[in-house]
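Subject: Structure for you to look at

Hello,

Here is the structure I said I would pass on. My notes on it follow below.

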Amino acid sequence: MSDAKSGRSEAVALAYTAGEAAPRVVAKGKGVVAREILERAREAGVYVHESPELVSLLMQVDLDARIPPQLYIAVAELLAWLYRVEQGGEAGPAPAAHDLPESLRPGGANAPQ
């Protein structure tokens with residue numbers, strides 16, 4: 001995931017394997033590191049989703065840590081949509097992280113620390 005549109009160059013990479021409790025943050029960075037994450041993802045054919053709100057929240061998660069429960073729904077919707085796309089089904093538009101409840105938006109009361 002990246003946040004290129006806002007001018008902040010940040011990227012977070014998630015990994016999830018069926019049976020795991022939750023996706024893990026496997027890479028994250030700003031500037032040159034973010035560009036490298038995005039370049040490697042695209043070279044590997046990995047889907048890149050741009051969502052400033054979700055990137056901002058995921059940047060707060062420690063590297064190699066599982067995402068916090070507060071983000072399960074937002075990330076699950078994105079993973080379900082991606083699965084439909086990869087299976088060739090009618091996926092519709094990508095889920096919009098700007099629809100996150102106020103409490104999950106950056107600076108919100110329940111944002112991960």
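Which residues of α3 are buried? They are Ala-74, Val-75, Leu-78, Trp-81 and Leu-82. These residues sit on the same side of α3 because they cover an arc of only 125° around the axis. Ile-73 and Tyr-83, on the other side of the helix, are exposed. What the buried residues of α3 pack against is β1 (10–15) and α2.

Please keep in mind that this is a predicted model.

As for the helix itself, α3 runs over residues 72–86 and has 15 residues. From its first C-alpha to its last it reaches 21 Å, close to the 21 Å expected at 1.5 Å a residue.

Two backbone angles around α3 may be worth a look. Asp-64 lies in the loop between α2 (52–58) and α3. Its phi is positive, about 70°, although Asp-64 is not a glycine. Most residues other than glycine have a negative phi. Gly-88, just after α3, also takes a positive phi, of about 80°.

For the wider picture, the protein has 3 helices and 2 strands, in the order β-β-α-α-α along the sequence. It has 113 residues, of which 35% count as buried. The exposed area of the protein is about 6700 Å², with 54% of it supplied by carbon and sulfur atoms. Of the contacts between residues at least 6 apart in sequence, 59% join residues at least 24 apart.

Regards

Methods
Residues are numbered from 1 along each chain as its sequence is written. This is a predicted model: local features need pLDDT of at least 70, side-chain atom pairs count only at pLDDT 80 or more; totals for chains, interfaces and linings use all residues. Side-chain values use heavy atoms; hydrogens and water are left out. Helices (H or I, at least four residues) and strands (E, at least two) are DSSP runs, numbered from the N terminus. Buried means under 20% relative accessible area, exposed over 50%, partly exposed in between (1.4 Å probe, protein chains only). Contact means heavy atoms within 4.5 Å. Accessible areas come from the Shrake-Rupley method with a 1.4 Å probe; for residues, only the protein chains shown count as cover. The expected span of a helix is 1.5 Å times one less than its number of residues. The arc is that of the directions from the helix axis to the C-beta atoms.
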